[in-house]
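The following exercises train the reading of a protein model. Please consult the sequence and the structure while working through each solution.

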Amino acid sequence: MNTTRLTVSTAASSQAAPVPVPVPVVLAGARGHGHWHLANIRRLQDKGLVRLAGVCELTPLTDEELDGLGTPEQSADFGALLDSTGAAIAVICTPIPTHTDLALIAAAKGVHLLLEKPPAPSYAEFRRMADGVAAAGVACQIGFQSLGSHALPAIREMVAEGAIGTVTGVGGAGAWARDEAYYRRAPWAGKRRLNGVDVIDGALTNPLAHAVATGLALGGSTRAEDVTGIETELLRANDIESDDTSCVRVSTANGVPVTVAATLCAEHPGDPYVLVHGTSGRITFWYKQDRVLLQRSGHGPEEYEYGSTDLLENLVDHLTEGAELLVEPDVTGAFMRVVEAIRQAPDPAELPSDAWEFAPGADGSVRRRVVTGIDGLVAAAADTLSLYSELGAPWAPPKEVST
């Protein structure tokens, strides 16, 4: 394997000369969800595409955690690590409030980016990051892996061919379960703010953010200017600051509304999905499975399964072969408008004690909170493009409208 190091200058550009492989990568945040990135880097390293050059963690990884990845340099100083390793790509999987500053440190050094979602906790921080990255001339991929699914162009083709008539709206549904320990995994978990800094770690902005981003993408409204209004209903059953049960409806310039309902307090957790509604049918997309169901007038149901392009691999292909980036920052502008509306909304309303009950956690011992009837409400919201209050949920607060 060619292990040539590459030092990227601060004048680097995503349109510059191709970067040789294996591309040196630094991973910032290798525990928690970072374990997934570590495994993915191992997969790409085995293919000869990348080389893990460095790991930025407060506590160094063990030999066991680095199995199969060699002996990358480890440091808690992100900027120094980028310098000493000659990294060409930085994968940032750190707490949400750190994303912008770390991305700009990398960009200033000419290091290209895979930035985990959500890209920032506010629209202002998102703009600061996106504008800074653009000015530095580096490539930046935002980690909405669902937007790498080959199902998206296939669904767009179905729609363009008139398979479901005229699109009337897009719904999203996510009914997941998280036990109480989930909110103790990190100081920022379940917070709206921490030490005066925005975090906005809610159901729609973090764990089920893919449902929002994918719904907006299939509705043809991905950029900030595509959003004309946002209605939110934010609630919580858990003893946290952020929402764990919420819904949002986005009005768009093209007239296709996008409504997404989510909960982390499901009775029977299932795979999240996005529904594209048409005048003569509908398309259901289970984005974690890359599975599509087409239902239309005059035909039986048709089911399809697709592949997916890994976003780090796409970034490597962009730098080495000129492939088009799949999820540039501006493609997440509409999603960030939703994050901003949630940030500006009143703090989530606490659900009354009779609206939820305790149930065993995944291991049968740790408790989790379950909202009675929430699975049906989440599905109905996606089906009808309605908010919880419009579906008759007795605990739903008055909706907030942000334009």
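**Exercise 1.** In which loop is the place of Pro118?

*Solution.* The model is a predicted one, in which local features need pLDDT of at least 70, side-chain atom pairs count only at pLDDT 80 or more, and totals for chains, interfaces and linings use all residues. Residues are numbered from 1 along each chain as its sequence is written, and side-chain values use heavy atoms, with hydrogens and water left out.
Step 1. Helices (H or I, at least four residues) and strands (E, at least two) are DSSP runs, numbered from the N terminus.
Step 2. Pro118 lies in the loop between strand S5 (112-115) and helix H4 (123-136).
Step 3. The bond that leads into this residue, from Lys117 to Pro118, is a cis peptide bond with omega near -15 degrees.
Step 4. A cis bond also joins Val21 to Pro22, with omega near -5 degrees. Pro22 belongs to the segment before strand S1 (23-28).

**Exercise 2.** Describe the surroundings of Asn206.

*Solution.*
Step 1. Locate the residue: Asn206 is in the loop between strand S9 (197-198) and H6.
Step 2. Classify its exposure. Buried means under 20% relative accessible area, exposed over 50%, and partly exposed in between (1.4 Å probe, protein chains only). Asn206 has a relative accessible area of 10%, and is therefore buried.
Step 3. List its contacts, where contact means heavy atoms within 4.5 Å. With neighbours within four places in sequence left aside, Asn206 touches Ile96, Lys117, Pro118, Arg185, Trp188 and Asp201.

**Exercise 3.** Which value of phi does Ile200 have, and is this residue buried or exposed?

*Solution.*
Step 1. Phi of Ile200 is positive, about 60 degrees, although the residue is not a glycine.
Step 2. Ile200 is placed in the loop between S9 and H6, and its relative accessibility of 2% makes it buried.
Step 3. Leu385, likewise a residue other than glycine, has a positive phi near 60 degrees. Leu385 sits in the loop between helix H9 (374-384) and strand S20 (400-402), and is buried with a relative accessible area of 14%.

**Exercise 4.** Why does Cys56 form no disulfide with Cys93?

*Solution.*
Step 1. A disulfide is a pair of cysteine sulfur atoms within 2.5 Å. The structure holds 0 disulfides.
Step 2. The closest cysteine sulfur to that of Cys56 belongs to Cys93 and is 12 Å away, which is too far for a bond.
Step 3. Cys247 is in no disulfide either, the nearest cysteine sulfur being that of Cys265 at 14 Å.
Step 4. Both residues can be classified by accessibility: Cys56 is buried at 11%, and Cys247 is buried at 0%.

**Exercise 5.** How many cavities of 30 Å³ or more are there, and which residues line the largest cavity?

*Solution.*
Step 1. On a 1 Å grid over the protein atoms alone, a cavity is a set of points where a 1.4 Å probe fits but cannot get out; lining residues have an atom within 4 Å of a point. Grid points are joined across faces, edges and corners, and a volume is the space filled by probe spheres set on the points.
Step 2. The count is 2 cavities of 30 Å³ or more.
Step 3. The largest cavity has a volume of about 50 Å³. Its lining consists of Leu147, Ala213, Leu216, Ala217, Thr222, Val331, Thr332 and Phe335, and helix H6 (residues 209-218) gives the most, with 3 residues.
Step 4. The second largest cavity contains about 30 Å³ of space. Among the residues that line this second cavity are Tyr182, Tyr183, Asp201 and Leu264.

**Exercise 6.** How far does helix H8 (residues 333-344) reach from its first C-alpha to its last, and how many of its residues are buried?

*Solution.*
Step 1. The expected span of a helix is 1.5 Å times one less than its number of residues.
Step 2. H8 has 12 residues and reaches 16 Å, close to the 16 Å expected.
Step 3. Of the 12 residues of H8, 9 are buried, so the helix is largely enclosed by the rest of the structure. The buried residues include Gly333, Phe335, Val339 and Ile342.

Key. 1 Å grid on protein atoms, 1.4 Å probe; cavity = no way out; pocket = protein on both sides within 12 Å on 5 of 7 lines; lining within 4 Å.
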